[in-house]
Amino acid sequence: TVYPSQDEASVKVAERIATIIKDKQAKGEKAVLGLATGATPVKVYKELVRMHKEDGLSFNNVVTFNLDEYYPMLPTAEQSYVAFMNKHLFSHVDIPQENINIPDGTLAPEDVQAFCEAYEQKISNLGGLDIQLLGIGRTGHIGFNEPGSAPNSGTRLVTLDDLTRRDASREFGGKENVPTKAITMGVGTIFKAKEIVLMAWNEKKAEIVKKAVEGEISSEIPATYLQMSDHVEFVLDEDAASAL
Ligand code: GLP
């Protein structure tokens with residue numbers, strides 16, 4: 001779906017999320033949201049905060065699972081996805097702290113695998129993700145599933161692509177400060193979500209969006225795997241859609 005602007009597109013995505021939350025509330029159930037970081041979803045979160053403050057949208061039945069986190073990473077670090085989510089969403093809404101799940105960047109290496117398995121288990125115990133938000137990296141990554149990721153991959157520790165680290169260098173004050181690894185939900189984890197929404201804005205995403213939507217399905221561009229799903233929507237602004 002192509003919208004004239006990022007603002008309009010973000011409001012639509014926020015409205016979809018609000019509908020899921022309210023439908024679940026009406027049934028006395030939890031809404032299980034898969035969330036993404038990066039610049040792309042910021043306006044979606046801004047609109048959700050507005051809905052909370054002005055329209056009374058409550059997050060008390062919401063459970064969230066973030067896609068990824070750098071590794072190693074302290075939750076108190078400015079660049080952590082914990083800090084990002086607090087800044088843009090969690091600290092402004094009434095979500096219970098214990099309902100927030102973000103991969104733990106402080107784990108000892110020997111504890112990572114068990115953590116990843118428990119993360120998957122927790123999602124399935126709740127009945128799966130009702131919706132998964134995605135951005136797209138210029139390598140074609142979704143979450144931090146870089147080129148080479150398998151379509152059935154689960155939550156795991158991965159090595160970041162050089163281009164991904166370069167793209168993150170501004171926040172870290174230099175590429176050398178960007179962690180070389182991350183913990184990410186797998187492509188298989190993402191695929192299990194009942195609905196997948198990939199958002200992309202601006203012309204700098206046009207080329208990778210074209211490859212993801214029209215290119216041959218390949219592990220070289222993990223976002224092409226989304227072509228195999230029948231419950232995925234690409235939500236784009238005109239600039240990101242300009243090469244299609
Ligand atoms: C990071 C995140 C991804 C995100 C991507 C794009 O690498 N781990 O989940 O989609 O960057 O970032 P942005 O939205 O800032 O373009």
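**A walk through the predicted model**

Pro72 sits in the loop that runs between β4 (68-71) and α3 (81-88). The peptide bond joining Tyr71 and Pro72 is cis, with omega at about -10°. Most peptide bonds are trans, and most residues other than glycine have a negative phi. Asn202 goes against the second habit: its phi is near 80°, a positive value in a residue other than glycine. Look for Asn202 in the loop between β9 (196-200) and α8 (206-214).

This is a predicted model. The protein chain has a mean pLDDT of 98. In that chain, 100% of residues reach 70 or more. For the complex, the predictor gives an ipTM of 0.94 and a pTM of 0.98.

Turn now to a pair of helices. Two packed helices are described by the angle between their axes and the distance between the axes. Here the pair is α1 (residues 6-26) and α2 (residues 42-55). Their axes come within 8 Å and cross at roughly 55°. Angles from 35 to 65 degrees count as oblique, and α1 and α2 are therefore oblique to each other. Their crossing is right-handed.

Which residues meet there? From α1 come Gln6, Asp7, Ser10, Val11, Val13, Ala14, Ile17 and Ala18. From α2 come Lys43, Val44, Glu47, Leu48 and Met51. The residues of this contact divide into 8 nonpolar, 2 polar and 3 charged.

Last, the ligand. It is surrounded by 13 residues. The closest are Gly38, Ala39, Thr40, Gly135 and Gly137. The shell around the ligand divides into 5 nonpolar, 7 polar and 1 charged.

Definitions and conventions: Residues numbered from 1 in each chain as written. Predicted model: local features only at pLDDT ≥ 70, side-chain atom pairs only at ≥ 80, totals over all residues. Axes fitted to C-alpha atoms, helices over the stretch in contact; angles between N-to-C directions. Helix = DSSP H or I, 4+ residues; strand = E, 2+ residues; numbered from the N terminus. Parallel < 35°, antiparallel > 145°, perpendicular 65-115°, else oblique. Left-handed = near helix turned anticlockwise from the far one by under 90°. Contact = placed C-beta atoms within 7 Å. Nonpolar A, V, L, I, M, F, W, Y, C, P; charged D, E, K, R; others polar. pLDDT = per-residue confidence, 0-100. Near = placed C-beta within 6 Å.
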